[in-house]
Amino acid sequence: MTVLTLPAEPAAEATAALRPVPWRRMAWVTWRQQRATFISVPAVLGAVALFLLVASLKMHHDYAAIAGCSLDIGHDSAACQQGISHFNTVDWTAGNTVLILMNLLPALLGAFTGAPLLARELETGTFRYAWTQGLGRERQAIAKLVLVGVMMAVLAGGLGELFAWFFQPFLHVEEMNALTSTVFVTRGIVFAAWTLAAFATGAFLGMLLRRILPAMAGTLGVYLLTALAAWYLRDHYPAATFWPMQFIEAGWLLVLSVLLMAATVRLVRGRAA
């Protein structure tokens with residue numbers, strides 16, 4: 001009797017082994033690799049949001065009290081003057097400090113999340129293992145850039161809207177408006193766009209310099225130069241109202257972010273594993 005055996009199919013097995021991970025599973029892989037970022041950034045921004053919420057209630061209460069002075073004839077003048085003095089000193093000092101920090105926040109987020117995104121693996125040498133897996137170096141880079149970048153933009157957009165409510169009383173008292181440069185960049189879609197651009201800058205410099213600290217420093221420097229250029233460009237937009245200017249600035253920042261991410265992926269492609 002002849003025993004028949006089925007021949008092995010090494011070609012099929014090899015093909016299955018080399019088949020890349022589906023894109024739908026890349027989200028899970030990215031979460032595993034970047035879970036510290038996915039946890040820490042929402043936690044920090046959540047704490048900032050909670051502070052803004054509590055502070056906003058106090059600021060709006062103080063502003064309503066001094067705004068009522070001009071309407072309530074029987075209101076004690078000394079109490080009015082005390083309330084106005086408190087709002088213009090204590091409340092404004094806190095509000096202006098938060099405004100300055102909000103202007104710096106996109107740069108800080110870009111430096112601390114974008115710069116280490118790829119530079120950490122290059123600096124530690126773990127890219128030799130991670131990039132040779134079936135995930136593919138380019139697909140890993142794209143997944144990280146897109147998923148982390150979208151998270152950053154969404155969280156920044158929500159925080160910007162909360163800050164806009166927090167800062168609203170000061171616009172009237174300090175004779176500012178939504179088009180004031182330091183205020184304009186902290187609200188609407190522009191704040192999210194600046195955050196995304198800073199993140200993309202950090203990721204690009206991290207891949208280019210292959211070191212975390214130089215990439216972080218470079219991100220802060222590039223962000224400052226870009227912000228100074230934006231101050232000049234705003235005087236040349238073909239619009240003079242808030243939302244058209246928001247769409248113009250967010251538009252070119254989005255284009256810049258996409259170009260930086262594409263350049264980052266190109267650097268990943270050219271990097272010898």
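This passage looks at one helix, one pocket and the aromatic pairs of a predicted model.

Helix α3 is a good place to start. Spanning residues 77-124, α3 comprises 48 residues and covers 66 Å between its first and last C-alpha atoms, which is close to the 70 Å expected at 1.5 Å a residue. A bend of about 50 degrees occurs in α3 at P116. After α3 comes G125, with a positive phi near 85 degrees.

Helix α3 also takes part in the second largest pocket. This pocket holds about 310 Å³ of space. Its lining is made up of 15 residues, and those nearest the centre of the pocket are V44, L45, V48, L105 and L108. Both α2 (23-67) and α3 contribute at least two residues to the lining, with α3 giving the most, at 8 residues. In character, the lining of the second largest pocket has 13 nonpolar residues and 2 polar ones, while no charged residue is found there.

Attention now turns to the aromatic rings. In total, 13 aromatic pairs are present in the structure. In general, such a pair of rings is described by how far apart the centres are and by the angle of the planes. One of the pairs is formed by W92 and F170, whose ring centres are 5.5 Å apart and whose planes meet at 55 degrees, a tilted arrangement. This pair connects distant parts of the chain, since W92 belongs to helix α3 and F170 to helix α5 (residues 137-173), with their positions 78 residues apart. Both partners are buried, but by separate values: W92 has a relative accessibility of 18%, and therefore counts as buried under the 20% cut-off, whereas F170, at 0%, counts as buried too.

A second example is the pair of W194 and Y223. Here the planes stand at 70 degrees and the ring centres lie 5.3 Å apart, so the pair is edge-to-face. Because W194 sits in helix α7 (residues 188-209) and Y223 in helix α8 (residues 212-234), the pair ties together parts of the chain that are 29 residues apart in sequence. W194 and Y223 are each buried.

The pair of W92 and F170 can also be placed in a wider setting. Ring pairs join W92 and F170 with Y63, F87, F163, F166 and F167 in a cluster. Helix α3 thus returns in this part of the picture through W92, just as α3 appeared in the lining of the second largest pocket.

Conventions:
Residues are numbered from 1 along each chain as its sequence is written. This is a predicted model: local features need pLDDT of at least 70, side-chain atom pairs count only at pLDDT 80 or more; totals for chains, interfaces and linings use all residues. Side-chain values use heavy atoms; hydrogens and water are left out. On a 1 Å grid over the protein atoms alone, a cavity is a set of points where a 1.4 Å probe fits but cannot get out, and a pocket is an open set with protein on both sides within 12 Å along at least five of seven lines; lining residues have an atom within 4 Å of a point. Grid points are joined across faces, edges and corners, and a volume is the space filled by probe spheres set on the points. Helices (H or I, at least four residues) and strands (E, at least two) are DSSP runs, numbered from the N terminus. Ala, Val, Leu, Ile, Met, Phe, Trp, Tyr, Cys and Pro count as nonpolar, Asp, Glu, Lys and Arg as charged, and the others, Gly among them, as polar. Rings of Phe, Tyr and Trp (its six-membered ring) pair if their centres lie within 6.5 Å; planes under 30 degrees apart count as stacked, over 60 as edge-to-face and the rest as tilted. Buried means under 20% relative accessible area, exposed over 50%, partly exposed in between (1.4 Å probe, protein chains only). The expected span of a helix is 1.5 Å times one less than its number of residues. The bend at a residue is the angle between axes fitted to the seven residues ending there and the seven starting there.
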